[in-house]
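Trainee: I'd like to go through this structure with you, one question at a time. Could you start with the ground rules?

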Amino acid sequence: MPDPSAAPDSQPPLSLARRVADSAVREQVYMIFPNDLNNNDTVFGGLIMSQMDRLCAVVADRHAGAICSTVGVDAVHFLKPARRGDVLIFSACVNRAWNTSMEIGCRVEAETIAGLDRRHILSAYLTFVAQNSEGRPHPVPALVVESDQEKRRYGEAQLRRESRLAHSEALKRLRAPTTSEP
Ligand SMILES: CC(C)(COP(=O)(O)OP(=O)(O)OC[C@H]1O[C@@H](n2cnc3c(N)ncnc32)[C@H](O)[C@@H]1OP(=O)(O)O)[C@@H](O)C(=O)NCCC(=O)NCCS
């Protein structure tokens, strides 16, 4: 079985690699106020997605040492609602780095202001691409995975990437003009 901490081909040497902990954000809190709610009196989902994207952009930029853009977010499912007076808790880290892209995993929880009743609100996987000053994709450092959890995420991220790229290619083929079209 390949060593999951080894640098993939065509990436910078492992000496330039960064550990997951070098860029991870743990338990970033956000207090919910009334203007964060939707008409159902639960937290507006777009607010959570926006916060998640910002946080993951910081993780990606830190790992890459460059400005990164979001190219995709895997299916987001809201598992439980967050409510007025809750505190949202965001955690995010790099799951895997490839050539110019990275998968950042984000977990969002909510708890009451007193720190009780912690609930898992959503988890999502975001793909970021590092860019150079011309806005073109730029190589990112390899990722060193150490704990069993980091190694599991690293392995699973490859499966998700293959599925994302296959889906993207299938859509391109479907949308490509056929020779019979005028
Ligand atoms: C980021 C951007 C410059 C990349 O350009 P591109 O021509 O798609 O570049 P490439 O085809 O060379 O792909 C670059 C990387 O993205 C990956 N990628 C491309 N499409 C992807 C998708 N749908 N899902 C996941 N990864 C994808 C490629 O696999 C490649 O990764 P790798 O180098 O690690 O193998 C371009 O897609 C872009 O500008 N997108 C808009 C970004 C944006 O505005 N985001 C919202 C605001 S931040």
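Mentor: Sure. Helices (H or I, at least four residues) and strands (E, at least two) are DSSP runs, numbered from the N terminus. This is a predicted model: local features need pLDDT of at least 70, side-chain atom pairs count only at pLDDT 80 or more, and totals for chains, interfaces and linings use all residues. Residues are numbered from 1 along each chain as its sequence is written.

Trainee: Which element gives the largest share of the shell around the ligand?

Mentor: Let's start with who is there: 16 residues surround the ligand, counting a residue as near if its C-beta atom, placed from the backbone, lies within 6 Å of it. β3 (68-73), β6 (119-130) and α2 (148-175) each supply at least two residues of that shell. The largest share, 4 residues, comes from β3.

Trainee: How many residues of the shell around the ligand are polar?

Mentor: First the classes: Ala, Val, Leu, Ile, Met, Phe, Trp, Tyr, Cys and Pro count as nonpolar, Asp, Glu, Lys and Arg as charged, and the others, Gly among them, as polar. The shell has 5 nonpolar residues and 1 charged one, and the number of polar residues is 10.

Trainee: What pattern does the chain follow along the sequence?

Mentor: The chain holds 2 helices and 7 strands. Read them off in sequence order and you get β-β-α-β-β-β-β-β-α.

Trainee: Why do the buried residues of α1 lie on the same side?

Mentor: A residue is buried if 20 or more other C-beta atoms lie within 10 Å of its own, exposed if 12 or fewer, and partly exposed in between, with C-beta atoms placed from the backbone. In α1 (residues 45-64), the buried ones are Ile48, Met52, Leu55, Cys56, Val59, Ala60, His63 and Ala64. Taking the directions from the helix axis to the C-beta atoms, they sit on the same side of α1 because they cover an arc of only 165°.

Trainee: Which exposed residues are on the face of α1 turned away from its buried side?

Mentor: Start from the buried side, whose residues pack against β1 (18-19), β2 (25-31), β3, β4 (86-97), β5 (101-112) and β6. The face turned away from it carries the exposed Gly46, Ser50 and Arg54.

Trainee: Which residues is cysteine 56 in contact with, leaving aside neighbours within four places in sequence?

Mentor: Cysteine 56 belongs to the largest nonpolar core, where Cys56, Ile104 and Cys106 touch the most other members of the 37. Such a core is a set of buried Ala, Val, Leu, Ile, Met, Phe, Trp, Tyr and Cys residues joined through C-beta atoms within 7 Å. Contact between two residues uses that cut-off too: C-beta atoms, placed from the backbone, within 7 Å. For cysteine 56, with those neighbours left aside, the list is Ala92, Ile104, Cys106, Leu126 and Phe128.

Trainee: Is glutamine 131 buried, exposed or partly exposed?

Mentor: Glutamine 131 is found in the loop between β6 and β7 (143-144). With 16 C-beta neighbours inside 10 Å, glutamine 131 counts as partly exposed.

Trainee: What is the phi of aspartate 41?

Mentor: Most residues other than glycine have a negative phi. Aspartate 41 is found in the loop between β2 and α1, and with 10 C-beta neighbours inside 10 Å it counts as exposed. Although aspartate 41 is not a glycine, its phi is positive, about 65°.

Notes:
The expected span of a helix is 1.5 Å times one less than its number of residues.
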